[in-house]
Amino acid sequence: MIGVASSAAVARAATGPPPLDPDLVKSGHEIYRQHCASCHGANAQGAPNWQERDEHGELPAPPHNAEGHTWRHSDAELYMMVSKGWRDPFNKTERLTMPAFGDTLSPDQIRAAIAYLKTLWTPEEIQFQSEESRGHPFPSAGK
């Protein structure tokens, strides 16, 4: 029985999400505080009424915690949203509703901010996001 339990633990560890670097998360929290919190909230709770369209027909900044949907996107998708900006495809305008940070933040800073966001999710959301990222990891350096 112990052998079966140990094998299961090893298999789970092999397929589970990689552990987060505490220094990276700390750095990411500071980056989040400086560049993201003004729209997404100091505690990543999202803008008030984030599920209701504003006067432009756009959805306000969503939460990044477990109540939002950030965890549904792969590392590659999250990186591109932060780097290139984002326009919700359901918005009624063509403008970016989230500005691009690719000229403001380095690739390592973007990865750190995303690492911080991962600390806000449930274990199930972290697992889902990890699986989504297996085929869509962060872009290589220089992209």
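**Figure 1. Helices α4 and α5 lie oblique to each other in this predicted model.** Two packed helices are described by the angle between their axes and the distance between the axes. Here helix α4, which covers residues 75-84, packs with helix α5, which covers residues 107-118, at an angle of about 120 degrees, and their axes are 10 Å apart. An angle of about 120 degrees falls outside the range of 65 to 115 degrees that counts as roughly perpendicular and is not over 145, the limit for roughly antiparallel, and the two helices are therefore described as oblique. The crossing that α4 and α5 make is right-handed.

**Figure 2. Residues that make the contact between α4 and α5.** On the side of α4 the contact is made by D75, L78, Y79, V82 and S83, while α5 contributes P107, I110, R111, I114 and K118. When the residues of this contact are divided by character, six are nonpolar, one is polar and three are charged.

**Figure 3. A salt bridge between K118 of α5 and D75 of α4.** Side chains of opposite charge can pair when their charged atoms come close. In the pair formed by K118 and D75, the closest N and O atoms are 2.8 Å apart. Because K118 lies in helix α5 and D75 in helix α4, this salt bridge ties together parts that are 43 residues apart in sequence. Both K118 and D75 are buried, and both also belong to the residues that make the contact between the two helices.

**Figure 4. The covered helix α4 and the residue after it.** Helix α4 is mostly covered, with seven of its ten residues buried. These buried residues are D75, A76, L78, Y79, M81, V82 and S83, and they pack against α5 as well as against α6, which spans residues 123-134. The helix is followed by G85, a residue whose phi is positive, near 90 degrees.

**Figure 5. A salt bridge within helix α5, between D108 and R111.** The closest N and O atoms of D108 and R111 are 3.6 Å apart. Because the two residues are three places apart in helix α5, about one helical turn separates D108 from R111. An α-helix has 3.6 residues a turn, so residues three or four places apart point the same way. The partners differ in their accessibility, for D108 is exposed, with a relative accessible area of 55%, whereas R111 counts as buried at 17% relative accessibility. R111 is also one of the α5 residues in the contact with α4.

**Figure 6. A salt bridge within helix α2, between R33 and E30.** In this pair the closest N and O atoms are 2.5 Å apart. Both residues lie in helix α2, which covers residues 22-35, and they stand three residues apart, about one turn of the helix. R33 is exposed, with a relative accessible area of 52%, while E30 counts as partly exposed at 32% relative accessibility. The structure holds five salt bridges, among them the pair of R33 with E30.

**Figure 7. The protein chain as a setting for the close-up views.** The protein chain has six helices and zero strands, so that, read along the sequence, its pattern is α-α-α-α-α-α. Of its 143 residues, 36% count as buried. Among the contacts in the chain between residues at least 6 apart in sequence, 57% join residues at least 24 apart.

Notes. Residues numbered from 1 in each chain as written. Predicted model: local features only at pLDDT ≥ 70, side-chain atom pairs only at ≥ 80, totals over all residues. Heavy atoms only, no water. Axes fitted to C-alpha atoms, helices over the stretch in contact; angles between N-to-C directions. Helix = DSSP H or I, 4+ residues; strand = E, 2+ residues; numbered from the N terminus. Parallel < 35°, antiparallel > 145°, perpendicular 65-115°, else oblique. Left-handed = near helix turned anticlockwise from the far one by under 90°. Contact = heavy atoms within 4.5 Å. Nonpolar A, V, L, I, M, F, W, Y, C, P; charged D, E, K, R; others polar. Salt bridge = Lys/Arg side-chain N within 4 Å of Asp/Glu carboxyl O. Buried < 20%, exposed > 50% of the residue type's maximum accessible area, 1.4 Å probe, protein only.
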